[in-house]
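Got the viewer open? Let's take a walk through this one, a stop at a time.

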Amino acid sequence: MSATLEAFSSEIAAIVARAEASIVSVQSRRSLASGFMWKKGLIVTSDEALPEDGDLTVTLRGGQAVPARRAGRDPTTDIALLRVEAADAAPPAALSKTTPKTGELAVAVAARGGQAHAA
């Protein structure tokens, strides 16, 4: 592998490593989704993955499962906000202040069972 590709691969791995501590798994009685810690105790996830009622569980990095409750939702943007009471459940994600341009490379990081996966 060329030095350029090795450096590129290492940079992608570093991006995923920085993100994975803030990525969580969200489970309801009907579905699994991923989310990220936005602010202390607040998780952003997909609204469509959440049922209208029933229990929600968030699995943190390392596998710790904690209960969550709905704090807000916006079906028009498919965004939901969950609240967890676990002290320091996960660090807030470092969000970019810029919007990617069309055609720029993106790395998607999700979680299943508290373990991060990237594509």
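Begin with the contacts across the whole protein chain: among those between residues at least 6 apart in sequence, 53% join residues at least 24 apart. Keep in mind as you click around that this is a predicted model. Of the 119 residues in the protein chain, 29% are buried. Zoom out, and the C-alpha atoms fill a box of roughly 50 × 30 × 25 Å along the principal axes.

Now switch to cartoon and colour by secondary structure. You'll get one helix and eight strands, and reading along the sequence gives α-β-β-β-β-β-β-β-β.

Next, select the barrel. In what order do the six strands close into it? Go round as S1-S2-S3-S6-S5-S4, with antiparallel pairing. Direction ignored, neighbouring strands of this sheet are turned by 40° against each other on average.

Pick S1 (residues 23-27) and S2 (residues 32-39): five bridges join this antiparallel pair. Show Ser-25 in S1 and look across to S2, where Ser-34 is its bridge partner.

Then move to S6, residues 79-84. Start with its side chains. In a regular strand, side chains alternate between the two faces of the sheet. Here, Ala-80, Leu-82 and Val-84 make up the covered face of S6, while Ile-79, Leu-81 and Arg-83 sit on the uncovered one.

S6 has two strands to check out:

- S3 (residues 42-46) runs antiparallel to S6, with five bridges joining them. Select Ile-43 and you'll find Leu-82 of S6 standing opposite.
- S5 (residues 65-74) is also antiparallel to S6, joined by six bridges. Asp-74 has Ile-79 in S6 as its bridge partner.

Stay with S5 and S6 and follow the backbone from one to the other. They form a hairpin with four residues between them. Stop at Asp-78 in that turn, which has a positive phi of about 60°.

Last stop: turn on a surface and look for the largest pocket. Rolling a probe the size of a water molecule over the atoms shows where empty space is left. The largest pocket has a volume of about 770 Å³. Which residues lie nearest its centre? Select Ile-15, Ala-94, Leu-95, Ser-96 and Val-107, which are among the 23 residues lining the pocket. Colour that lining by class and you'll see 16 nonpolar, four polar and three charged residues. Finally, highlight helix H1 (residues 3-20): with six residues, H1 supplies the largest share of the lining.

Technical notes: Residues are numbered from 1 along each chain as its sequence is written. This is a predicted model: local features need pLDDT of at least 70, side-chain atom pairs count only at pLDDT 80 or more; totals for chains, interfaces and linings use all residues. Side-chain values use heavy atoms; hydrogens and water are left out. Two strands pair if DSSP finds at least two bridges between them. Axes are lines fitted to C-alpha atoms, for helices over the stretch in contact, and angles run from 0 to 180 degrees between N-to-C directions. On a 1 Å grid over the protein atoms alone, a cavity is a set of points where a 1.4 Å probe fits but cannot get out, and a pocket is an open set with protein on both sides within 12 Å along at least five of seven lines; lining residues have an atom within 4 Å of a point. Grid points are joined across faces, edges and corners, and a volume is the space filled by probe spheres set on the points. Ala, Val, Leu, Ile, Met, Phe, Trp, Tyr, Cys and Pro count as nonpolar, Asp, Glu, Lys and Arg as charged, and the others, Gly among them, as polar. Buried means under 20% relative accessible area, exposed over 50%, partly exposed in between (1.4 Å probe, protein chains only). Contact means heavy atoms within 4.5 Å.
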